[in-house]
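Dear colleague,

Please find below the structure that I am passing on to you. My findings follow it.

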There are 2 protein chains.
Amino acid sequence: MGIIRKTPSIEVLLTEFTRNGTAISAIELVKRLDGKLNKTTVYRVLDKLEDDGILHSFLDKKGIKWYAKCNSCTHDKHFDSHPHFQCLNCGKVDCVTVDVSIPKIPNREIVISQILIQGTCENCIN
Amino acid sequence: MGIIRKTPSIEVLLTEFTRNGTAISAIELVKRLDGKLNKTTVYRVLDKLEDDGILHSFLDKKGIKWYAKCNSCTHDKHFDSHPHFQCLNCGKVDCVTVDVSIPKIPNREIVISQILIQGTCENCIN
DNA sequence: AAATTTATTGCAATTAAGTTGCATTAACAA
DNA sequence: TTGTTAATGCAACTTAATTGCAATAAATTT
């Protein structure tokens, strides 16, 4: 893959992710960029950025799709197996930089694993 | 909560889960019981059975809702933090009885964690 | 056993995240 | 500057899941 054309849409979306380090849900981006970018475009650009290894995606407990900036992903391989933490109070989601080792399971081959942690974030804990 | 009335719907749905030990998706149950039970009823009974601590639910990577029989859940507390394994080949999903310890995260309180593992199951590995 | 209460069910309509088809626009290479 | 084709916008669609409401039927009361 690789980004083929540098368009305003791609820049606009990337800016949203560089603004702060947290994950952003697809619908949130659609709402946030309403009037600026079309819903379809948002979904398609996000998809492409994920293909390119720039963003990675995951679903929260409600099945809502979230995206976050990748650290060491390539378009070949996504290292998105770190846990994602969702605050039950403020809704914020971010990537947690701890290693969780998934134990081997007899007779099964593990391809991907996804860990979603929900609780209270550092801002809401007090 | 607790089941208030013992209706055929509840029995029909529970039978599906006792038939074999794997998890079943909500839509799969809706399809499987088409003509026998209404879609709305399926969703509502599943919801109630989860409330009662008889089933627990989780979402797969596509955002589809799955249910599985609980082992030691009560209507107060769901011990659903064991991983769920979904076969990328046959689609089967089941509960994995291994303990995955989620490390404590500084300044955050963990309430629930959900682990979804995808790969090849014991039937499809050969 | 009949009447009463109200949880449960079925049906149709709705919701909402995400997708698709297609005509139009605009990167960017030649 | 022209031609190619990726990217975009719009409208319509898809699909899992939910909601409102009237009808039905457990289970309790009389």
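How far is a base nitrogen of DNA strand D from an N or O atom in the side chain of B:Arg5? In this model, which is predicted, the separation is 3.3 Å. In chain A, the side chain of A:Arg5 places an N or O atom 3.0 Å from a base nitrogen of the strand, and a polar side-chain atom of A:Arg44 lies 2.7 Å from a base oxygen. The elements that give two or more residues to the surface near DNA strand D are α3 of chain A and, from chain B, α2 and α3. Of these, α3(A) gives the most, with 5 residues.

Altogether, 22 residues surround DNA strand D, and A:Thr7, A:Ser9, A:Thr41, A:Arg44 and B:Tyr43 are the closest. Of the strand's atoms that come within 4 Å of the protein, 58% belong to sugar and phosphate.

Turning to the two protein chains, a turn of 179° with a shift of 0.0 Å along the axis lays chain B on chain A with an RMSD of 0.1 Å. This is the relation of a two-fold axis. The copies meet through the same surface, because 100% of the interface residues of chain B are also interface residues in chain A.

Helix α3(B) may also interest you. Its buried residues are B:Val42, B:Val45, B:Leu46, B:Leu49 and B:Glu50. Seen down the helix axis, they fall within an arc of 140° and therefore line one face. They pack against α1, α2, β2 and β3 of chain B. B:Asn38 caps the N-terminal end of α3(B), with a side-chain oxygen 2.8 Å from the backbone nitrogen of B:Thr40. Just after the helix, B:Gly53 takes a positive phi of about 80°.

Yours sincerely

Terms used
Residues numbered from 1 in each chain as written. Chains lettered and ligands numbered in written order. Predicted model: local features only at pLDDT ≥ 70, side-chain atom pairs only at ≥ 80, totals over all residues. Heavy atoms only, no water. Buried < 20%, exposed > 50% of the residue type's maximum accessible area, 1.4 Å probe, protein only. Helix = DSSP H or I, 4+ residues; strand = E, 2+ residues; numbered from the N terminus. Arc of directions from axis to C-beta. Contact = heavy atoms within 4.5 Å. Polar contact = N/O pair within 3.5 Å; in protein donor to acceptor, adjacent residues only side chain to side chain. Least-squares fit on C-alpha atoms with pLDDT ≥ 70 in both. Near = heavy atom within 4 Å.
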